[in-house]
Amino acid sequence: MKVRLPQGPSQKDLMQQVQQMQLDAQNKQEELDNSEYTATAGGGVVSVTINGLYEIQKISIDPELIADAKDDPEMLEDFITVAVNEAVATARKTSEEEMAKITGRMQIPGMPGLF
């Protein structure tokens, strides 16, 4: 009596799945690149918005903070730095989470959006 082991997906099926995953990843990366991420610092006195390419789109600074910065410019610099870093961290985390949904956390060389 021959025992027949269950067959997995064919090589053709696997290639189709990989191609679909690549297409999904490319589409998601385009969506992420066009998304905006905003972060604030200093209780909201500084706000920074970046896109998914980590390009700064907008910086808003409370006018009172600008006036106060004459005496303490490092405070303003710190708030801007914190807000930019937070926006970048949010964009990275969102990208990693969204791409992981597509790839199942597989590390595939050449797949966009994987760090």
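## Reading the strands and helices of a predicted model

Mentor: Both faces of strand β2 are covered in this structure, since V46, V48 and I50 on one side and S47, T49 and N51 on the other are all buried. Please keep in mind as we go on that this is a predicted model.

Trainee: How should I read the two faces of a strand, and which residues of β1 point to each face?

Mentor: In a regular strand the side chains alternate between the two faces of the sheet. Along β1, Y37, A39 and A41 point to one face and are buried, while E36, T38 and T40 point to the other face and are not buried. In β2, by contrast, six of the six residues, 46 to 51, are buried.

Trainee: In which sense do β1 and β2 pair, and over how many bridges?

Mentor: Strand β1, residues 36-41, pairs with β2 in the antiparallel sense, and the pairing runs over six bridges. To follow it residue by residue, you can find E36 opposite N51 of β2, and you can find A39 with V48 of β2 as its bridge partner. The hairpin of these two strands has four residues between them, and G42 there takes a positive phi near 65°.

Trainee: Which residue in the turn between β2 and β3 has a positive phi?

Mentor: That residue is Y54, with a positive phi of about 65°, in a hairpin that has four residues between β2 and β3. These two strands pair in the antiparallel sense over five bridges, with β3 covering residues 56-61, and K58 in β3 is the bridge partner of T49.

Trainee: Turning to the helices, which residues of α1 are buried?

Mentor: An α-helix has 3.6 residues a turn, so residues three or four places apart point the same way. In α1 the buried residues are M21, A25, K28, Q29 and L32, and what covers them includes β1 and α3. Helix α1 itself, residues 11-33, reaches 32 Å from its first C-alpha to its last, which is close to the 33 Å expected at 1.5 Å a residue.

Trainee: What span should the 31 residues of α3 have?

Mentor: At 1.5 Å a residue they should span 45 Å, and the end C-alpha atoms of α3 are 45 Å apart, so the two values agree. The buried residues of α3 include L76, A83, V84, A87, V88 and A91, and the buried residues of this helix pack against α1, β1, β2, β3 and α2. Just after α3 comes G104, which takes a positive phi of about 65°.

Terms used. Residues are numbered from 1 along each chain as its sequence is written. This is a predicted model: local features need pLDDT of at least 70, side-chain atom pairs count only at pLDDT 80 or more; totals for chains, interfaces and linings use all residues. Side-chain values use heavy atoms; hydrogens and water are left out. Buried means under 20% relative accessible area, exposed over 50%, partly exposed in between (1.4 Å probe, protein chains only). Two strands pair if DSSP finds at least two bridges between them. The expected span of a helix is 1.5 Å times one less than its number of residues. Contact means heavy atoms within 4.5 Å.
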